[in-house]
There are 2 protein chains.
Amino acid sequence: MSSADPGPARGESVRPAPGPAGPGTGRLEVFALDGIPEIRSGDDLATLVGDALERTDGALPLRGDDVLVVTQKIVSKAEGAFVDLSAVQPRLEAVAYASRWGRDARQVEVVLRQAVRVVRMDNGVVIVETRHGFILANGGVDASNVGAGSGDTVLLLPDDPDASARRIREAVEQRFGVAPGVVISDSLGRPWRFGITDLAIGVAGFRPNEDLRGTADADGRVMSATIRAVADEIASAAELVLGKTARRPAALVRGASPPPGEGSIAADVLMPAELDLFR
Amino acid sequence: MSSADPGPARGESVRPAPGPAGPGTGRLEVFALDGIPEIRSGDDLATLVGDALERTDGALPLRGDDVLVVTQKIVSKAEGAFVDLSAVQPRLEAVAYASRWGRDARQVEVVLRQAVRVVRMDNGVVIVETRHGFILANGGVDASNVGAGSGDTVLLLPDDPDASARRIREAVEQRFGVAPGVVISDSLGRPWRFGITDLAIGVAGFRPNEDLRGTADADGRVMSATIRAVADEIASAAELVLGKTARRPAALVRGASPPPGEGSIAADVLMPAELDLFR
């Protein structure tokens, strides 16, 4: 059947431009930002990230098509989204579930308080839909690396991650005169596969999804259902240099060609209930 | 509550090593491979990818911790996984569903033939579990960019994507004397979010998931449920330079620190039914 294949396409032998990463060069670079200290409630995160940009070899000069990826954990910490478990009274359902699965009832209670809907509650896992519209194991409530020095503190999601991203973007623009894209990333599990990947929970300065529907593919056919989740892939690329234990909570991604425009994870990426086959 | 936070951690002010990307440097680089021609059934894909590695600025010398990402489409084409729709007789169910949702009944038939289980069949979408164990919209059956010059051909998944990855890895090692990791990537939708991301459907030369359970986090607590889906994040990072229309079907990812060892997507990443809350 391959006899009908066209030959090699025109342009295939053109080399990518040598030199640094950038749109169209076929090169992507990710820099883990260096020297971000342990973040405390009330810290000026944008200033600390800006300092880290200056400290990181190769990160400056910033470009408008760079994307700064900041992990949820330090955004939540700077915004003071801590909950002191010693003040939490778990409901009976939380006590029963925690006892059955060997969990902390106060943590289960905090998770249930994040929920506008419980999606699944089984195998010791509580998957909820948060008021942001995210569907998350444990409602995004974070008990590891909270850095409060005790087992009695957990960390919630930022109040409005898109707004958090916009604030960081504006502060970075004020300081450097260039406004990169910003992604707030978080580690999410998924159905059907083991493992977590980092995805975008907030975005500023570019459209998180690139909608190619109606554009022609390389055969000239119209692609009917192709929406590239660019912000999510940027978050995943950043995680590869950040890891989980390396104390590197932010990265700069260069060369990803983020779709120009403005957008929001809440408005552009989260699927409305009526289209969701996995409620 | 932040008063209990420890100060900046030791080592935070250490700069990453300047120079090229590599494990521990906090740098990731992705190179789109240049000059891979339109692939036909029976092509020696490993040789064409090797030629492209030689053609791509900065890709050589290869390193054992590099990961070569090859998109499913060219693997399937080289393996001849085409189906001629003109020879397909759709079952009545496929005819009815196609008619209701404006689809090609023969394509729906091919999708149903990939299924060991239909997961969801609604909104014009058919989500099936394939015999590999993947849960995929349209069973991974691909009608865009098939490159056969007509609308009557579709492309199936590789027969055994882990084996495809191993074959490419062995051929690359023979030619270059270095065995990088290999990922076969495909674009997958997901519940709850619009957009597709590239994930790994086959892997060779490293463990696709890094299991951090039982290791201590930066606070010294034991992380109980953290498995990093490294192969999937590598596939997503590669997609950022490959895109959908650019005729770039392979990339080299440097600096991702793929977990050493051997592994398989089918055995290590796909979730067995009894643990899956979203059957």
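**A sheet, aromatic pairs and a cavity**

In chain B, three strands (DSSP runs of E, at least two residues, numbered from the N terminus) make up an open antiparallel sheet in the order S4-S5-S6, where two strands pair if DSSP finds at least two bridges between them. Its edges are strand S4 (115-122) and strand S6 (135-137) of chain B, each of which pairs on one side only, and the twist from one strand to the next averages 25°. This is a predicted model, in which local features need pLDDT of at least 70 and side-chain atom pairs count only at pLDDT 80 or more, while totals for chains, interfaces and linings use all residues. Residues are numbered from 1 along each chain as its sequence is written, chains are lettered from A and ligands numbered from 1 in the order in which they are written, and side-chain values use heavy atoms, with hydrogens and water left out.

Six bridges join S4(B) to strand S5 (residues 125-130) of chain B in the antiparallel sense, and Asp122(B) stands opposite Val125(B) in S5(B). Helix H3 (residues 92-101) of chain B packs on this sheet, touching S4 and S5 of chain B, with its direction at about 30° to that of S4(B); contact means heavy atoms within 4.5 Å, and the angles, from 0 to 180 degrees, are taken between N-to-C directions of lines fitted to C-alpha atoms, for helices over the stretch in contact. Helix H4 (residues 105-113) of chain B lies across S4 and S5 of chain B and runs at about 130° to S4(B); helices are DSSP runs of H or I with at least four residues.

Over all chains there are four aromatic pairs, counted where ring centres of Phe, Tyr or Trp (its six-membered ring) lie within 6.5 Å, and called stacked under 30 degrees between planes, edge-to-face over 60 and tilted for the rest. One of them joins Trp192(A) and Phe278(A) edge-to-face, at 5.1 Å centre to centre and 75° between the planes. Trp192(A) lies in the loop between strand S8 (181-190) and strand S9 (193-204) of chain A and Phe278(A) in the segment after helix H7 (265-268) of chain A, so the pair ties together parts 86 residues apart in sequence. Both Trp192(A) and Phe278(A) are buried, that is, under 20% relative accessible area with a 1.4 Å probe and protein chains only, where exposed means over 50% and partly exposed lies in between.

The whole structure holds four cavities of 30 Å³ or more, each a set of points on a 1 Å grid over the protein atoms alone where a 1.4 Å probe fits but cannot get out. The largest has a volume of about 390 Å³, the space filled by probe spheres set on its points, which are joined across faces, edges and corners. Its lining of 28 residues, among them Arg190(A) and Arg190(B), counts those with an atom within 4 Å of a point.

Technical notes
On a 1 Å grid over the protein atoms alone, a cavity is a set of points where a 1.4 Å probe fits but cannot get out, and a pocket is an open set with protein on both sides within 12 Å along at least five of seven lines; lining residues have an atom within 4 Å of a point.
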